[in-house]
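Q: I would like a close look at one part of this model, with its surroundings described afterwards. Please begin with the part itself and then move outward.

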Amino acid sequence: MWEVIQGLGTYWSVAAAVELGLFERLAQGPATTAELAGGCGAVENRMSTLLGGLVAAGLVTTAGGLYELTEEARTFLVPGLPGYMGTLVLKAPGPHENWPVLADTVRGRPPPHGVETDGGSFHRELVSATFATQYRTGLRTADALRLTGSPAPLRILDLGSGAAPWTVALLEALPQSVAVVNDLPEVIGVAEEHLARRGLRQRVELLEGDYLGVALESDAFDVSVLAHVCRAEGTEGAERLVAKAVGALRPGGLLIVADYFVDDGRLGPPHALLLGVTMMASTRQGTTFTLSEGLGWLTAAGIASPEVLMPLPPTTVLAGRKPIP
């Protein structure tokens, strides 16, 4: 029970360290409490207390009066490195104000700060924060599906692309291919920035609009991607979205659905189960689905014998091809 109670303290210790720039400072080398307090604009005795929390979290270690990063912190919490997840620490729980009133949400009231109604500001920040982890998953998925290095030029559709990490990964793996990237008007600019930064903007058409309402060409794409969007839509919306993505594929085209699915008994994995709570706290209809439910969407849309991949846990990828008449 103390692990449950102190989970709140662990989270906010890490969030505070991110905001203070503590991990960035420790990446420069071991330092004393006084040096870290001075470098982060903090009070020394309070910095000492925070460092104790980070030691308990397994992100900092100490010896001889010096503190330094553990391997986990060095890999995931140092800004500028490929695996950086510091911004994700701040954004992944959704609007923080929603959590103290979670019981009211369970009773049926909508979240007080729903991500659908904030004008897009939270969504813009979140999609940038998730770019690094989703990009790595996209690269591994391309390898697992034997797409990497394919000489055939493919046309890719990325619905609800966010910052376009999957498009970036697939276009880097498929240098002859092009893509259509879709998201809401307030988010599509984030995708454009990331594509331009990677030198891919000229290979991409931007398509603004809600993915369930935007008009798509039929039988026009070789690959359709739905990456971490189905869980925001509820059962009916997810089924419609998968059907729409399949309808845009040419016969023989490949559908990729990436999400955090729970097992059919809803006993795990823990990450997916807790993400379901986060979706409930942050959105009006978001949840997590079982693997059987996800496979059912593909089957209903006409995909026969879909594959189940785990390219970078905890993400699960469902993939399959549209039948050729």
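By class, how many nonpolar, polar and charged residues does the lining of the second largest pocket have?

A: The lining of the second largest pocket has 9 nonpolar, 4 polar and 2 charged residues (nonpolar: Ala, Val, Leu, Ile, Met, Phe, Trp, Tyr, Cys and Pro; charged: Asp, Glu, Lys and Arg; polar: the others, Gly among them). The model is predicted, so local features need pLDDT of at least 70 and side-chain atom pairs pLDDT 80 or more, whereas totals for chains, interfaces and linings use all residues. Residues are numbered from 1 along each chain as its sequence is written, and side-chain values use heavy atoms, without hydrogens or water.

This pocket (an open set of 1 Å grid points where a 1.4 Å probe fits, with protein on both sides within 12 Å along at least five of seven lines; lining within 4 Å of a point) has a volume of about 270 Å³. Of its 15 lining residues, Y84, S128, F131, A132 and H194 lie nearest the centre. At least two lining residues come from each of the helices α6 (86-91), α8 (121-129), α9 (131-144) and α11 (185-197) (DSSP runs of at least four residues for helices and at least two for strands).

Both α9 and α11 also each supply at least two residues of the largest nonpolar core (buried nonpolar residues, Pro excepted, joined through side-chain atoms within 4.5 Å). The other elements that do so are α10 (165-173), β4 (178-183), β6 (221-227), β7 (249-259) and β9 (316-321). With 6 residues, α10 gives the most to this core. The core has 35 residues, of which I156, V225 and I256 touch the most other members. Beyond its neighbours within four places in sequence, V225 is in contact (heavy atoms within 4.5 Å) with I156, L157, D158, L159, W166, L170 and I256. Among these partners, L159 is included in a second, separate core of 27 residues, as are Y211, C230 and A248.

Two further sites complete the view. T288 is placed in the loop between α13 (270-282) and α14 (291-300), and T288 is buried at a relative accessible area of 4% (buried: under 20%). Neighbours within four places aside, T288 is in contact with Y260, V262, R266, A272, L275 and G276. L102, found in helix α7 (102-107), is likewise buried, at 19%. Its contacts, again leaving aside neighbours within four places, are V277, M280 and A281. The C-alpha atoms of L102 and P112, 10 residues apart along the chain, are separated by 9.8 Å.

Methods. Buried < 20%, exposed > 50% of the residue type's maximum accessible area, 1.4 Å probe, protein only. Points joined across faces, edges and corners; volume = space filled by probe spheres on them.
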